[in-house]
Amino acid sequence: MVESLPFSFVASFTFLFGAVIGSFLNVCIYRLPDHESVVFPASHCRACSRVLSWYENVPLLSYLLQRGKCRTCGAQFSSRYFWVELLTAILAIALVMHSGLTTVSIGYFLFVAALVTITFIDLDHQIIPDVISLPGVVVGLLFSFLVSHLGFWNSFIGVIIGGGVLLAVALGYKAITGREGMGGGDIKLLAMIGAFLGWQSVPFTLFVASCFGSIIGIVVMIRRHADSQLPLPFGPFLALGAVSYLFFGERVINWYLGLF
Ligand SMILES: [Zn+2]
């Protein structure tokens, strides 16, 4: 039934669905760190507190039509609302192209939605809320029963290795330098990634995260005039590594193994 639908229809529906969920993720990104409800109160202008009407809440479109401004007080909304909606919509389409319109895609979508939320909260506050990562571990373990090439044991070992590797790094770093380097949030995040993608994803994710983290870290250090004490959140890089593994991991690993 689903296979017989034209791709343009499936793609438009998926894009809209992704944008709507992206809009909800924006709410989570702004409210979860302050322990506010993500349901009440309704979306409002942060400057004049006026509650936004339905046509000001249409994902992507409202932002473009109002040029990112509140209609009453003219306050500028962050363009990030728009980019988070667009990013989530693109990820939704990419997943349907990758795994089809299946329950597996829905599971992966939950996973990438959690990663998007974690990324922007970590960028803003240098924290990764347990309220996302810990249930994420459990959902990932349950999800493994749905994915034939994942399976429970891959997922379970993924949690142990994902959490264990960063815990060891954190303890080692603290023993050598006497300072906290790796946050507990990163440890739980990599455990969640291991749960959803299996233990094979852990070295790949760490490798990609470290490469991008080092490059961006050097750029940031040069621009901030080499103050290496300033923390650079690692969560966004782990999320980038995990999404890369989800879409390209198998191909890259096969290519790599083919070299020998
Ligand atoms: Zn306003």
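Is the crossing of α1 and α3 left-handed or right-handed? The legend to the first view gives the answer, and the other views follow the chain through its zinc site, its loops and a second helix pair. Please keep in mind throughout that this is a predicted model.

**View 1. Helices α1 and α3 pack against each other in a right-handed crossing.** Here we look at helix α1, residues 7–31, together with helix α3, residues 80–99. Their axes lie 7 Å apart and make an angle of about 135 degrees. Angles over 145 degrees would count as roughly antiparallel, so α1 and α3 are classed as oblique to each other. The crossing of α1 and α3 is right-handed, and the residues of their contact comprise 17 nonpolar, six polar and two charged ones.

**View 2. Four cysteines coordinate the zinc ion.** The SG atoms of Cys 45, Cys 48, Cys 70 and Cys 73 coordinate the zinc ion at 2.3 Å. Angles of 107 to 112 degrees are subtended by the four donor atoms, and the arrangement is therefore tetrahedral. Along the sequence, the donor residues follow the spacing C-x2-C-x21-C-x2-C. One pair worth tracing is Cys 48 and Cys 70, which links distant parts of the chain: Cys 48 sits in the loop between α1 and α2 (61–65), Cys 70 sits in the loop between α2 and α3, and the two are 22 residues apart. As for their surroundings, Cys 48 is partly exposed, with a relative accessible area of 32%, whereas Cys 70 is buried at 4% relative accessibility.

**View 3. A cis peptide bond joins Phe 40 and Pro 41.** Omega is about -10 degrees for this bond between Phe 40 and Pro 41. Most peptide bonds are trans, which is why a cis bond earns a close-up of its own. Pro 41 belongs to the loop between α1 and α2, the loop that also holds the zinc donor Cys 48.

**View 4. Tyr 63 lies in helix α2.** Tyr 63 has a relative accessibility of 19% and counts as buried, the cut-off being under 20%. If you follow the chain from Tyr 63 to Gly 74, you cover 11 residues in sequence, and the two C-alpha atoms are 13 Å apart in space.

**View 5. Arg 67 and Gln 126 are residues other than glycine with a positive phi.** As background, most residues other than glycine have a negative phi. Arg 67 has a phi of about 50 degrees and is found in the loop between α2 and α3. With a relative accessible area of 65%, Arg 67 is exposed. Gln 126 has a phi near 55 degrees and is placed in the loop between α4 (103–125) and α5. The relative accessibility of Gln 126 is 39%, so this residue counts as partly exposed.

**View 6. Helices α5 and α7 cross in a left-handed sense.** This view pairs helix α5, residues 130–143, with helix α7, residues 184–197. The two axes come within 8 Å and cross at roughly 20 degrees. Angles under 35 degrees count as roughly parallel, so α5 and α7 are roughly parallel to each other. For a side-by-side look, recall from View 1 that the crossing of α1 and α3 is right-handed, whereas α5 passes α7 in a left-handed crossing.

Conventions:
Residues numbered from 1 in each chain as written. Predicted model: local features only at pLDDT ≥ 70, side-chain atom pairs only at ≥ 80, totals over all residues. Heavy atoms only, no water. Axes fitted to C-alpha atoms, helices over the stretch in contact; angles between N-to-C directions. Helix = DSSP H or I, 4+ residues; strand = E, 2+ residues; numbered from the N terminus. Parallel < 35°, antiparallel > 145°, perpendicular 65-115°, else oblique. Left-handed = near helix turned anticlockwise from the far one by under 90°. Nonpolar A, V, L, I, M, F, W, Y, C, P; charged D, E, K, R; others polar. Donors = N, O, S within 2.8 Å, 3.2 Å for Na, K, Ca; no water. Tetrahedral: all angles 85-135°; square planar, octahedral: opposite > 155°, others 65-115°. Buried < 20%, exposed > 50% of the residue type's maximum accessible area, 1.4 Å probe, protein only.
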